[in-house]
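Look through the model below from one helix residue outwards. The text starts with a single side chain, then moves to helices, cysteines and the chain as a whole.

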Amino acid sequence: MTSEEVQSYLRRRTGIAASTAGRPLLKRVLKSKWTWLTTAMVILAGVCLWRLLVSVMASTQDTDGNTIPGLNADALWLSASRALPTLLFWIVCFILVDRYKPQRFRVWFLTVMWGGCVAVTLAYFLNTWVSVRMAVVDETSGTLSTRVAVFSAPFVEEAMKASVVFLFAIVDRNRFTSRVSGAVIGGLVGAGFAFTENIIYYARVVVYGSYTSGTGDVMAALDYMVLFRGVLTCFGHPLFTLMTGVGVAFAVTTRSKTVRVLAPVTGYLFAAFLHMFFNWWMSILSDTQVISVVLVVAWPIVFAVALRVIMSSIAQRRTIQARLTDYVAMGWLPATYPEAFSRFRTRVWTIIMSLWHGNVIRSWKLQVRATQLALLREAITRGTVDQGGLYAEHELIDDMAHLSQRGGLVSGRGLRPYWPWNSPRWRRRASLTARWGRTQKVSDVVGSPLKYSASDPRWGPPSA
(Lines give C-alpha, C1' and ligand atoms only; values in the text may rest on other atoms or scores of the structure.)
Protein backbone atom coordinates (compact mmCIF):
# COMPACT_ATOMS: atom_id res chain seq x y z
CA MET A 1 0.00 0.00 0.00
CA THR A 2 1.11 3.55 -0.67
CA SER A 3 1.55 6.07 2.11
CA GLU A 4 -1.70 7.74 1.05
CA GLU A 5 -3.58 4.48 1.42
CA VAL A 6 -2.01 3.89 4.82
CA GLN A 7 -3.01 7.37 5.91
CA SER A 8 -6.56 6.82 4.66
CA TYR A 9 -6.77 3.53 6.55
CA LEU A 10 -5.50 5.05 9.80
CA ARG A 11 -7.94 7.96 9.56
CA ARG A 12 -10.86 5.69 8.75
CA ARG A 13 -10.05 3.42 11.70
CA THR A 14 -10.00 6.45 14.01
CA GLY A 15 -13.25 7.81 12.60
CA ILE A 16 -11.69 10.94 11.08
CA ALA A 17 -12.83 11.90 7.60
CA ALA A 18 -10.29 11.81 4.80
CA SER A 19 -8.91 15.07 3.48
CA THR A 20 -10.92 16.72 0.69
CA ALA A 21 -8.35 19.37 -0.17
CA GLY A 22 -8.02 19.89 -3.91
CA ARG A 23 -11.14 17.92 -4.83
CA PRO A 24 -13.83 19.59 -6.95
CA LEU A 25 -16.97 20.61 -5.12
CA LEU A 26 -19.19 18.19 -7.03
CA LYS A 27 -16.89 15.27 -6.27
CA ARG A 28 -16.77 16.20 -2.57
CA VAL A 29 -20.55 16.31 -2.42
CA LEU A 30 -21.07 13.02 -4.24
CA LYS A 31 -18.45 11.16 -2.21
CA SER A 32 -19.65 12.49 1.15
CA LYS A 33 -21.49 9.93 3.27
CA TRP A 34 -23.55 12.76 4.76
CA THR A 35 -24.98 13.59 1.33
CA TRP A 36 -26.50 10.15 0.88
CA LEU A 37 -27.45 9.82 4.54
CA THR A 38 -29.31 13.15 4.39
CA THR A 39 -31.07 12.16 1.17
CA ALA A 40 -32.19 8.81 2.57
CA MET A 41 -33.38 10.34 5.85
CA VAL A 42 -35.35 13.10 4.13
CA ILE A 43 -37.08 10.60 1.83
CA LEU A 44 -37.87 8.31 4.78
CA ALA A 45 -39.18 11.26 6.80
CA GLY A 46 -41.46 12.32 3.96
CA VAL A 47 -42.91 8.83 3.58
CA CYS A 48 -43.45 8.46 7.33
CA LEU A 49 -45.10 11.87 7.63
CA TRP A 50 -47.44 11.12 4.74
CA ARG A 51 -48.35 7.73 6.24
CA LEU A 52 -49.00 9.30 9.65
CA LEU A 53 -51.25 12.00 8.18
CA VAL A 54 -53.26 9.42 6.24
CA SER A 55 -53.78 7.41 9.42
CA VAL A 56 -54.76 10.25 11.80
CA MET A 57 -57.03 11.95 9.24
CA ALA A 58 -59.02 8.78 8.51
CA SER A 59 -62.31 8.21 10.32
CA THR A 60 -62.64 5.04 12.43
CA GLN A 61 -65.34 3.16 14.30
CA ASP A 62 -65.37 2.13 17.95
CA THR A 63 -66.60 -1.19 19.35
CA ASP A 64 -70.19 0.11 19.46
CA GLY A 65 -70.19 1.01 15.77
CA ASN A 66 -69.98 4.78 16.32
CA THR A 67 -67.91 6.76 13.82
CA ILE A 68 -64.94 8.63 15.25
CA PRO A 69 -64.03 11.50 12.91
CA GLY A 70 -60.42 11.84 11.90
CA LEU A 71 -58.33 14.96 12.22
CA ASN A 72 -58.81 17.61 9.56
CA ALA A 73 -56.39 20.06 7.97
CA ASP A 74 -57.75 23.12 9.83
CA ALA A 75 -57.35 21.44 13.21
CA LEU A 76 -53.83 20.31 12.33
CA TRP A 77 -52.72 23.77 11.20
CA LEU A 78 -54.19 25.39 14.31
CA SER A 79 -52.50 22.81 16.50
CA ALA A 80 -49.17 23.25 14.72
CA SER A 81 -49.22 26.98 15.41
CA ARG A 82 -49.79 26.25 19.11
CA ALA A 83 -47.07 23.58 19.27
CA LEU A 84 -44.41 25.55 17.39
CA PRO A 85 -43.38 27.91 20.26
CA THR A 86 -42.44 24.94 22.46
CA LEU A 87 -40.29 23.48 19.69
CA LEU A 88 -38.54 26.81 19.04
CA PHE A 89 -37.86 27.23 22.77
CA TRP A 90 -36.03 23.90 22.99
CA ILE A 91 -34.14 24.45 19.74
CA VAL A 92 -32.81 27.78 21.00
CA CYS A 93 -31.87 26.29 24.38
CA PHE A 94 -29.93 23.36 22.92
CA ILE A 95 -28.17 25.46 20.28
CA LEU A 96 -27.04 27.94 22.94
CA VAL A 97 -25.65 25.08 25.02
CA ASP A 98 -23.86 23.74 21.95
CA ARG A 99 -22.03 27.03 21.41
CA TYR A 100 -18.35 25.97 21.60
CA LYS A 101 -18.47 22.99 19.25
CA PRO A 102 -21.74 23.52 17.39
CA GLN A 103 -23.03 20.72 15.23
CA ARG A 104 -23.61 21.46 11.60
CA PHE A 105 -27.02 22.84 10.68
CA ARG A 106 -27.58 19.62 8.79
CA VAL A 107 -27.22 17.58 12.00
CA TRP A 108 -29.64 19.85 13.88
CA PHE A 109 -32.15 19.59 11.04
CA LEU A 110 -31.88 15.82 10.70
CA THR A 111 -32.29 15.20 14.43
CA VAL A 112 -35.43 17.35 14.71
CA MET A 113 -36.82 15.90 11.48
CA TRP A 114 -36.21 12.32 12.61
CA GLY A 115 -37.94 12.89 15.94
CA GLY A 116 -40.88 14.75 14.40
CA CYS A 117 -41.47 12.49 11.39
CA VAL A 118 -39.81 9.07 11.54
CA ALA A 119 -39.67 8.28 15.27
CA VAL A 120 -43.20 9.48 16.03
CA THR A 121 -44.68 7.56 13.06
CA LEU A 122 -42.94 4.30 13.91
CA ALA A 123 -43.89 4.65 17.57
CA TYR A 124 -47.50 5.44 16.62
CA PHE A 125 -47.95 2.23 14.64
CA LEU A 126 -45.96 0.06 17.06
CA ASN A 127 -47.98 1.31 20.03
CA THR A 128 -51.17 0.60 18.09
CA TRP A 129 -49.99 -2.92 17.31
CA VAL A 130 -49.07 -3.55 20.97
CA SER A 131 -52.40 -2.17 22.19
CA VAL A 132 -54.25 -4.62 19.95
CA ARG A 133 -52.23 -7.50 21.39
CA MET A 134 -52.88 -6.33 24.93
CA ALA A 135 -56.59 -6.02 24.23
CA VAL A 136 -56.70 -9.69 23.29
CA VAL A 137 -55.33 -10.64 26.69
CA ASP A 138 -57.31 -8.20 28.79
CA GLU A 139 -60.21 -6.14 27.48
CA THR A 140 -61.03 -4.55 30.81
CA SER A 141 -62.42 -1.09 30.14
CA GLY A 142 -60.27 1.79 31.30
CA THR A 143 -57.07 -0.18 31.86
CA LEU A 144 -55.81 -0.79 28.34
CA SER A 145 -54.66 2.78 27.63
CA THR A 146 -52.88 2.97 30.98
CA ARG A 147 -51.10 -0.34 30.43
CA VAL A 148 -49.94 0.73 26.97
CA ALA A 149 -48.77 4.13 28.24
CA VAL A 150 -46.82 2.63 31.15
CA PHE A 151 -45.47 -0.70 29.88
CA SER A 152 -45.23 -0.28 26.11
CA ALA A 153 -44.95 3.34 25.01
CA PRO A 154 -41.80 4.27 27.02
CA PHE A 155 -39.67 1.48 25.56
CA VAL A 156 -41.06 1.81 22.04
CA GLU A 157 -40.83 5.58 21.83
CA GLU A 158 -37.37 5.83 23.41
CA ALA A 159 -36.08 3.14 21.05
CA MET A 160 -37.42 4.99 18.01
CA LYS A 161 -35.93 8.29 19.17
CA ALA A 162 -32.61 6.72 20.17
CA SER A 163 -32.16 5.08 16.77
CA VAL A 164 -30.91 8.28 15.16
CA VAL A 165 -28.50 8.90 18.05
CA PHE A 166 -26.96 5.47 17.51
CA LEU A 167 -26.99 6.05 13.73
CA PHE A 168 -24.95 9.24 14.06
CA ALA A 169 -22.54 7.52 16.45
CA ILE A 170 -21.97 4.76 13.88
CA VAL A 171 -21.66 7.02 10.84
CA ASP A 172 -19.55 9.77 12.44
CA ARG A 173 -18.65 9.11 16.06
CA ASN A 174 -16.51 12.25 16.23
CA ARG A 175 -19.74 14.25 16.29
CA PHE A 176 -19.90 13.25 19.97
CA THR A 177 -16.96 15.25 21.27
CA SER A 178 -18.35 15.50 24.82
CA ARG A 179 -21.44 14.87 26.91
CA VAL A 180 -22.78 18.21 25.68
CA SER A 181 -22.86 16.92 22.11
CA GLY A 182 -24.83 13.83 23.16
CA ALA A 183 -27.24 15.92 25.23
CA VAL A 184 -27.88 18.31 22.33
CA ILE A 185 -28.51 15.58 19.74
CA GLY A 186 -30.74 13.58 22.09
CA GLY A 187 -32.62 16.65 23.29
CA LEU A 188 -33.37 17.87 19.76
CA VAL A 189 -34.73 14.45 18.77
CA GLY A 190 -37.04 14.55 21.79
CA ALA A 191 -38.14 18.10 20.96
CA GLY A 192 -39.08 17.09 17.42
CA PHE A 193 -40.98 14.05 18.70
CA ALA A 194 -42.89 16.16 21.24
CA PHE A 195 -43.77 18.71 18.53
CA THR A 196 -45.61 16.20 16.34
CA GLU A 197 -47.16 14.44 19.31
CA ASN A 198 -48.48 17.75 20.65
CA ILE A 199 -50.02 18.55 17.27
CA ILE A 200 -51.96 15.29 17.33
CA TYR A 201 -53.14 15.79 20.92
CA TYR A 202 -54.17 19.39 20.30
CA ALA A 203 -55.98 18.51 17.07
CA ARG A 204 -57.93 15.75 18.83
CA VAL A 205 -59.19 18.30 21.36
CA VAL A 206 -60.33 20.59 18.55
CA VAL A 207 -62.05 17.85 16.52
CA TYR A 208 -63.69 16.25 19.55
CA GLY A 209 -65.05 19.59 20.74
CA SER A 210 -66.29 20.45 17.26
CA TYR A 211 -68.17 17.20 16.66
CA THR A 212 -69.44 16.53 20.19
CA SER A 213 -72.23 18.55 21.74
CA GLY A 214 -72.03 19.75 25.34
CA THR A 215 -68.22 19.94 25.46
CA GLY A 216 -68.14 23.66 26.22
CA ASP A 217 -65.62 26.17 24.91
CA VAL A 218 -63.33 24.35 22.50
CA MET A 219 -60.66 27.06 22.45
CA ALA A 220 -60.56 27.15 26.25
CA ALA A 221 -60.01 23.39 26.29
CA LEU A 222 -57.28 23.77 23.68
CA ASP A 223 -55.57 26.53 25.69
CA TYR A 224 -55.63 24.31 28.77
CA MET A 225 -54.07 21.45 26.82
CA VAL A 226 -51.39 23.78 25.44
CA LEU A 227 -50.62 25.04 28.94
CA PHE A 228 -50.47 21.52 30.31
CA ARG A 229 -48.45 19.80 27.56
CA GLY A 230 -46.65 22.72 25.95
CA VAL A 231 -45.55 24.52 29.12
CA LEU A 232 -45.86 22.58 32.37
CA THR A 233 -44.73 19.18 31.06
CA CYS A 234 -42.82 20.29 27.96
CA PHE A 235 -39.58 18.88 29.40
CA GLY A 236 -40.69 15.25 29.01
CA HIS A 237 -39.41 13.94 25.68
CA PRO A 238 -36.29 16.18 25.46
CA LEU A 239 -35.24 15.13 28.96
CA PHE A 240 -35.77 11.41 28.33
CA THR A 241 -33.86 11.21 25.05
CA LEU A 242 -31.14 13.46 26.46
CA MET A 243 -30.24 10.58 28.78
CA THR A 244 -29.70 8.27 25.82
CA GLY A 245 -27.56 10.87 24.06
CA VAL A 246 -25.38 11.34 27.12
CA GLY A 247 -24.94 7.57 27.41
CA VAL A 248 -23.81 7.32 23.79
CA ALA A 249 -21.42 10.27 24.28
CA PHE A 250 -19.90 8.52 27.31
CA ALA A 251 -19.35 5.40 25.21
CA VAL A 252 -17.73 7.24 22.30
CA THR A 253 -15.36 9.34 24.41
CA THR A 254 -13.92 6.59 26.61
CA ARG A 255 -11.30 3.88 26.12
CA SER A 256 -12.97 1.36 28.41
CA LYS A 257 -14.69 -1.43 26.49
CA THR A 258 -17.00 -2.08 29.43
CA VAL A 259 -18.20 1.53 29.48
CA ARG A 260 -18.61 1.50 25.71
CA VAL A 261 -21.06 -1.37 26.02
CA LEU A 262 -22.86 -0.44 29.23
CA ALA A 263 -23.14 3.35 28.85
CA PRO A 264 -25.55 3.39 25.84
CA VAL A 265 -27.68 0.60 27.32
CA THR A 266 -27.79 2.36 30.69
CA GLY A 267 -28.72 5.66 29.06
CA TYR A 268 -31.55 4.06 27.08
CA LEU A 269 -32.93 2.14 30.06
CA PHE A 270 -32.72 5.21 32.27
CA ALA A 271 -34.64 7.20 29.65
CA ALA A 272 -37.29 4.45 29.31
CA PHE A 273 -37.81 4.11 33.08
CA LEU A 274 -38.04 7.87 33.51
CA HIS A 275 -40.64 7.89 30.73
CA MET A 276 -42.49 5.00 32.38
CA PHE A 277 -42.60 6.73 35.74
CA PHE A 278 -43.77 9.97 34.08
CA ASN A 279 -46.62 8.23 32.25
CA TRP A 280 -47.59 6.30 35.36
CA TRP A 281 -48.23 9.28 37.60
CA MET A 282 -49.80 11.15 34.69
CA SER A 283 -52.30 8.27 34.44
CA ILE A 284 -53.20 7.80 38.11
CA LEU A 285 -53.15 11.40 39.41
CA SER A 286 -55.70 14.13 38.87
CA ASP A 287 -54.78 17.28 36.98
CA THR A 288 -54.32 19.27 40.19
CA GLN A 289 -52.07 16.60 41.66
CA VAL A 290 -50.08 16.35 38.44
CA ILE A 291 -49.43 20.10 38.48
CA SER A 292 -48.24 19.91 42.07
CA VAL A 293 -45.88 17.02 41.33
CA VAL A 294 -44.55 18.78 38.23
CA LEU A 295 -43.77 22.01 40.10
CA VAL A 296 -42.38 20.38 43.23
CA VAL A 297 -40.56 17.33 41.84
CA ALA A 298 -40.16 17.38 38.06
CA TRP A 299 -39.01 20.92 37.38
CA PRO A 300 -36.28 20.87 40.09
CA ILE A 301 -34.91 17.72 38.44
CA VAL A 302 -35.01 19.45 35.06
CA PHE A 303 -33.14 22.47 36.44
CA ALA A 304 -30.53 20.17 38.03
CA VAL A 305 -29.97 18.39 34.70
CA ALA A 306 -29.80 21.74 32.86
CA LEU A 307 -27.25 23.03 35.37
CA ARG A 308 -25.12 19.92 34.88
CA VAL A 309 -25.21 20.35 31.09
CA ILE A 310 -24.25 24.02 31.41
CA MET A 311 -21.34 23.12 33.70
CA SER A 312 -20.18 20.59 31.10
CA SER A 313 -20.31 23.34 28.49
CA ILE A 314 -18.19 25.58 30.70
CA ALA A 315 -15.73 22.73 31.21
CA GLN A 316 -15.51 22.47 27.43
CA ARG A 317 -14.20 26.05 27.36
CA ARG A 318 -11.40 25.14 29.75
CA THR A 319 -10.60 22.09 27.63
CA ILE A 320 -10.27 24.20 24.48
CA GLN A 321 -7.97 26.66 26.23
CA ALA A 322 -5.76 23.93 27.71
CA ARG A 323 -5.39 21.97 24.47
CA LEU A 324 -4.61 25.05 22.36
CA THR A 325 -2.00 25.97 24.96
CA ASP A 326 -0.28 22.68 24.13
CA TYR A 327 0.23 23.87 20.56
CA VAL A 328 1.51 27.22 21.81
CA ALA A 329 4.08 25.42 23.93
CA MET A 330 5.18 23.42 20.87
CA GLY A 331 5.48 26.63 18.84
CA TRP A 332 2.75 25.70 16.39
CA LEU A 333 0.28 28.47 17.30
CA PRO A 334 0.63 32.07 18.49
CA ALA A 335 0.25 32.75 22.21
CA THR A 336 -2.96 34.76 21.70
CA TYR A 337 -4.95 31.84 20.26
CA PRO A 338 -5.99 29.99 23.47
CA GLU A 339 -7.58 33.05 25.06
CA ALA A 340 -9.16 34.25 21.80
CA PHE A 341 -10.82 30.95 20.89
CA SER A 342 -11.86 29.70 24.34
CA ARG A 343 -13.94 32.65 25.58
CA PHE A 344 -17.44 32.71 24.14
CA ARG A 345 -17.91 36.48 24.47
CA THR A 346 -14.61 37.10 22.70
CA ARG A 347 -15.63 34.77 19.89
CA VAL A 348 -18.96 36.53 19.42
CA TRP A 349 -17.33 39.98 19.49
CA THR A 350 -14.73 38.80 16.97
CA ILE A 351 -17.43 37.69 14.54
CA ILE A 352 -19.18 41.04 14.93
CA MET A 353 -15.95 43.00 14.43
CA SER A 354 -15.07 40.95 11.37
CA LEU A 355 -17.87 42.81 9.60
CA TRP A 356 -15.57 45.87 9.70
CA HIS A 357 -12.06 44.52 10.22
CA GLY A 358 -12.00 41.17 8.43
CA ASN A 359 -13.99 38.53 6.60
CA VAL A 360 -17.00 37.11 8.46
CA ILE A 361 -17.01 33.69 6.77
CA ARG A 362 -13.29 33.12 7.20
CA SER A 363 -13.41 34.36 10.80
CA TRP A 364 -16.18 31.87 11.58
CA LYS A 365 -14.28 29.06 9.86
CA LEU A 366 -11.17 29.98 11.83
CA GLN A 367 -13.06 29.60 15.11
CA VAL A 368 -14.51 26.25 13.98
CA ARG A 369 -11.08 24.95 12.97
CA ALA A 370 -9.54 26.06 16.28
CA THR A 371 -12.27 24.25 18.23
CA GLN A 372 -11.89 21.12 16.10
CA LEU A 373 -8.13 21.19 16.66
CA ALA A 374 -8.49 21.55 20.43
CA LEU A 375 -11.04 18.74 20.73
CA LEU A 376 -8.97 16.52 18.44
CA ARG A 377 -5.99 17.10 20.72
CA GLU A 378 -8.18 16.24 23.71
CA ALA A 379 -9.20 12.96 22.05
CA ILE A 380 -5.57 12.13 21.29
CA THR A 381 -4.61 12.93 24.89
CA ARG A 382 -7.47 10.80 26.20
CA GLY A 383 -6.44 7.89 23.97
CA THR A 384 -9.58 7.55 21.84
CA VAL A 385 -7.82 8.79 18.67
CA ASP A 386 -4.48 7.32 17.60
CA GLN A 387 -1.97 8.14 14.87
CA GLY A 388 -4.70 8.83 12.34
CA GLY A 389 -5.46 12.08 14.13
CA LEU A 390 -1.95 13.44 13.56
CA TYR A 391 -2.65 13.96 9.87
CA ALA A 392 -5.81 15.90 10.70
CA GLU A 393 -3.81 18.05 13.15
CA HIS A 394 -1.45 19.23 10.42
CA GLU A 395 -4.33 19.94 8.04
CA LEU A 396 -6.23 21.98 10.62
CA ILE A 397 -3.18 24.07 11.55
CA ASP A 398 -2.40 24.75 7.88
CA ASP A 399 -6.04 25.67 7.28
CA MET A 400 -6.01 28.06 10.25
CA ALA A 401 -2.87 29.78 8.94
CA HIS A 402 -4.45 30.12 5.51
CA LEU A 403 -7.68 31.58 6.92
CA SER A 404 -5.88 34.09 9.16
CA GLN A 405 -3.88 35.30 6.17
CA ARG A 406 -7.01 35.66 4.03
CA GLY A 407 -8.99 37.94 6.33
CA GLY A 408 -9.95 35.63 9.18
CA LEU A 409 -9.99 37.68 12.39
CA VAL A 410 -8.42 35.95 15.39
CA SER A 411 -9.61 38.33 18.11
CA GLY A 412 -11.82 41.40 18.09
CA ARG A 413 -10.61 42.73 21.45
CA GLY A 414 -9.79 46.42 21.26
CA LEU A 415 -11.57 46.84 17.93
CA ARG A 416 -14.65 48.99 17.44
CA PRO A 417 -17.13 49.42 14.60
CA TYR A 418 -17.01 52.60 12.54
CA TRP A 419 -19.20 54.42 10.10
CA PRO A 420 -18.32 53.93 6.43
CA TRP A 421 -16.95 57.47 6.13
CA ASN A 422 -14.61 56.83 9.07
CA SER A 423 -13.06 53.67 7.63
CA PRO A 424 -9.28 53.68 7.02
CA ARG A 425 -9.86 53.71 3.26
CA TRP A 426 -12.16 56.71 3.45
CA ARG A 427 -9.76 58.53 5.80
CA ARG A 428 -6.87 58.05 3.36
CA ARG A 429 -9.02 59.28 0.50
CA ALA A 430 -10.16 62.30 2.52
CA SER A 431 -6.55 63.14 3.42
CA LEU A 432 -5.46 62.97 -0.21
CA THR A 433 -8.46 65.01 -1.33
CA ALA A 434 -7.71 67.74 1.21
CA ARG A 435 -4.10 67.84 0.03
CA TRP A 436 -4.49 67.72 -3.75
CA GLY A 437 -7.98 69.04 -4.32
CA ARG A 438 -11.52 67.72 -4.17
CA THR A 439 -11.88 66.90 -7.87
CA GLN A 440 -8.45 65.48 -8.65
CA LYS A 441 -6.63 62.25 -8.01
CA VAL A 442 -3.06 62.14 -6.82
CA SER A 443 -1.94 60.52 -10.06
CA ASP A 444 -3.47 63.39 -12.05
CA VAL A 445 -1.93 66.25 -10.07
CA VAL A 446 0.65 68.23 -12.06
CA GLY A 447 3.55 69.48 -10.04
CA SER A 448 3.11 66.92 -7.31
CA PRO A 449 6.08 66.78 -4.94
CA LEU A 450 6.17 63.00 -5.57
CA LYS A 451 8.64 62.81 -8.48
CA TYR A 452 9.42 59.57 -10.31
CA SER A 453 12.20 59.64 -12.93
CA ALA A 454 11.99 57.45 -16.00
CA SER A 455 14.64 54.82 -16.53
CA ASP A 456 17.48 55.87 -18.82
CA PRO A 457 17.32 53.53 -21.84
CA ARG A 458 21.10 53.66 -22.09
CA TRP A 459 21.37 51.86 -18.76
CA GLY A 460 21.83 48.21 -19.15
CA PRO A 461 22.58 45.26 -16.92
CA PRO A 462 25.93 45.30 -15.18
CA SER A 463 28.66 43.83 -17.29
CA ALA A 464 30.56 40.86 -16.12
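Met311 is partly exposed, because its relative accessibility is 44% and the class runs between the two cut-offs: buried means under 20% relative accessible area and exposed over 50%, with a 1.4 Å probe and protein chains only. Met311 sits in helix 11. Helices here are DSSP runs of H or I with at least four residues, strands are runs of E with at least two, and both are numbered from the N terminus. Across the fold, the C-alpha of Met311 is 9.9 Å from that of Val97, although 214 residues separate the two in sequence.

A word on the source. This is a predicted model, in which local features need pLDDT of at least 70 and side-chain atom pairs count only at pLDDT 80 or more, while totals for chains, interfaces and linings use all residues. Residues are numbered from 1 along each chain as its sequence is written, and side-chain values use heavy atoms, with hydrogens and water left out.

Stay in helix 11. Ser312 is also found there. Is Ser312 buried or exposed? Ser312 is buried, because its relative accessible area is 13%. Leaving aside neighbours within four places in sequence, Ser312 is in contact with Arg179 and Val180; contact means heavy atoms within 4.5 Å.

Now take helix 11 as a whole. It covers residues 287-329, which makes 43 residues. Its end C-alpha atoms are 61 Å apart, and this agrees with the 63 Å that the helix should span at 1.5 Å a residue. The expected span is 1.5 Å times one less than the number of residues. Where is the kink in helix 11 centred? It is centred on Val294, with an angle of about 40°. The bend at a residue is the angle between axes fitted to the seven residues ending there and the seven starting there. Just after helix 11, Gly331 takes a positive phi of about 80°.

Helix 9 gives another span to check. It runs over residues 236-252 and has 17 residues. From first C-alpha to last it reaches 25 Å, close to the 24 Å expected at 1.5 Å a residue. Helix 9 is mostly covered, with 16 of its 17 residues buried.

Helix 5 (residues 105-137) holds Gly115. Gly115 is buried, because its relative accessible area is 0%. Its contacts, not counting neighbours within four places in sequence, are Val120, Val189, Gly192 and Phe193. The C-alpha of Gly115 is also 9.8 Å from that of Gly187, 72 residues away along the chain.

Turn to helix 8 (residues 218-232), where Leu227 lies. Leu227 counts as partly exposed, because its relative accessibility is 45%. Its C-alpha is 9.9 Å from that of Arg82, with the two positions 145 residues apart in sequence.

Thr350 belongs to helix 13 (residues 344-357). Thr350 is buried, because its relative accessible area is 0%. A polar atom of its side chain lies 2.7 Å from the backbone oxygen of Thr346. A polar contact is a pair of N or O atoms within 3.5 Å; within protein, one must be able to donate a hydrogen and the other to accept it, and residues adjacent in sequence count only if both atoms are side-chain atoms. An α-helix has 3.6 residues a turn, so residues three or four places apart point the same way. Not counting residues up to four places away in sequence, Thr350 touches Gln367, Leu409, Val410, Ser411 and Gly412.

Next, the cysteines. A disulfide is a pair of cysteine sulfur atoms within 2.5 Å. By this rule the count comes to zero. Cys93 is in no disulfide, and its nearest cysteine sulfur, in Cys234, is 8.9 Å away. Cys93 is partly exposed, with a relative accessible area of 27%. Why does Cys117 form no bond with Cys48? Their sulfurs are 7.9 Å apart, too far for a bond, and Cys48 has the closest cysteine sulfur to Cys117. Cys117 is buried, at a relative accessible area of 14%.

Finally, the whole chain. It has 16 helices and two strands. Of its 464 residues, 41% count as buried. Among contacts with a separation of 6 or more, 76% join residues 24 or more positions apart. The mean pLDDT is 82, and 81% of residues reach 70 or more; pLDDT is the predictor's confidence in each residue, from 0 to 100. Over residues 435-455 the pLDDT is below 50, and this stretch has nine contacts in the model beyond near neighbours in sequence.
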